[in-house]
Amino acid sequence: MGLSLSVVIPTLGREKELTACLAALREQSIPCEVILVTEEGPLAALRNQGARKASGDIIAFIDDDVVVGMGWAQEIIAALTQDPARGGVSGPSIIPHQYR
């Protein structure tokens, strides 16, 4: 069996953005455990809180306004499997015009 992926998403009061984020995660070819952190606080602390709850072999951190592309989860797992010395990966960020 391959590696599993947990996705930690801090979110508070951005239902529209979160809905799009979760829809994109559901479309991935590899199932992802999704951990929503809905308290207020410093972002790093919220991400750490989510990481402690994660059960996946790999933990990804995204914000609630991120809409991942098709194959996102698969590419993360592939990149980390191809080179076990890699400690992390990142991809391109495309910021929609309304957020610039």
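This is a short talk on the fold of one protein chain and how its helices and strands fit together.

Hi everyone, thanks for coming. One thing before we start: what we have here is a predicted model. The mean pLDDT of the protein chain is 92, and 97% of its residues reach 70 or more. Among the elements, confidence bottoms out in α3, at a mean of 93, and peaks in β2, at 98. As a general habit, where pLDDT is low, please don't read the predicted coordinates in detail.

Let's take the overall picture. The protein chain has three helices and three strands, and from the N terminus on they run β-α-β-α-β-α. The radius of gyration is 14 Å, close to the 13 Å that the globule rule gives for 100 residues, so the chain is as compact as a globular protein of that length. If you like box dimensions, the C-alpha trace spans about 35 × 30 × 20 Å along its principal axes. Buried residues account for 32% of the 100 residues. For those of you who think in contact maps: of the contacts with a separation of 6 or more, 69% are between residues 24 or more positions apart.

Now to the sheet. In what order do the strands sit? The order is β2-β1-β3, in an open sheet of three strands with parallel pairing. That leaves β2 and β3 as the edge strands, each pairing on one side only. From one strand to the next, the twist averages 25°.

We can look at each pairing in turn. β1 and β2 run parallel and are joined by six bridges; on that side, S6 stands opposite E33 in β2. β1 and β3 also run parallel, with four bridges between them, and there V8 has F61 in β3 as its bridge partner.

Stay with β3 for a moment. In a regular strand the side chains alternate between the two faces of the sheet. Which residues of β3 are on the covered face, and which on the uncovered one? I58 and A60 make up the covered face, while I59 and F61 make up the uncovered one. So F61 turns up twice in this story: as the partner of V8, and on the uncovered face of β3.

On to the helices. α1 lies across β1 and β2, and runs at about 175° to β1.

α3, residues 72-82, is the helix I'd like to spend time on. Its buried residues are W72, A73, I76, I77, A79 and L80. Why do they line one face of the helix? Seen down the axis of α3, they fall within an arc of 160°, so one face is what they line. The background is familiar: an α-helix has 3.6 residues a turn, so residues three or four places apart point the same way. Over on the other side of α3, E75 and Q82 are exposed.

And what do the buried residues of α3 pack against? Their partners are β1 (5-10), α1 (15-26), β2 (32-37) and β3 (58-61).

Last stop: the segment after α3, where we find I94. Is I94 buried or exposed? Its relative accessibility is 76%, so I94 counts as exposed. If you want to place I94 relative to the sheet, take I59 from the uncovered face of β3: I94 and I59 are 35 residues apart in sequence and 21 Å apart in space, C-alpha to C-alpha.

That's my tour. Thanks for listening, and I'm happy to take questions.

Note on methods
Residues are numbered from 1 along each chain as its sequence is written. This is a predicted model: local features need pLDDT of at least 70, side-chain atom pairs count only at pLDDT 80 or more; totals for chains, interfaces and linings use all residues. Side-chain values use heavy atoms; hydrogens and water are left out. Buried means under 20% relative accessible area, exposed over 50%, partly exposed in between (1.4 Å probe, protein chains only). Helices (H or I, at least four residues) and strands (E, at least two) are DSSP runs, numbered from the N terminus. The arc is that of the directions from the helix axis to the C-beta atoms. Contact means heavy atoms within 4.5 Å. pLDDT is the predictor's confidence in each residue, from 0 to 100. Two strands pair if DSSP finds at least two bridges between them. Axes are lines fitted to C-alpha atoms, for helices over the stretch in contact, and angles run from 0 to 180 degrees between N-to-C directions. The radius of gyration is taken over C-alpha atoms; the globule rule is 2.2 Å times the number of residues to the power 0.38.
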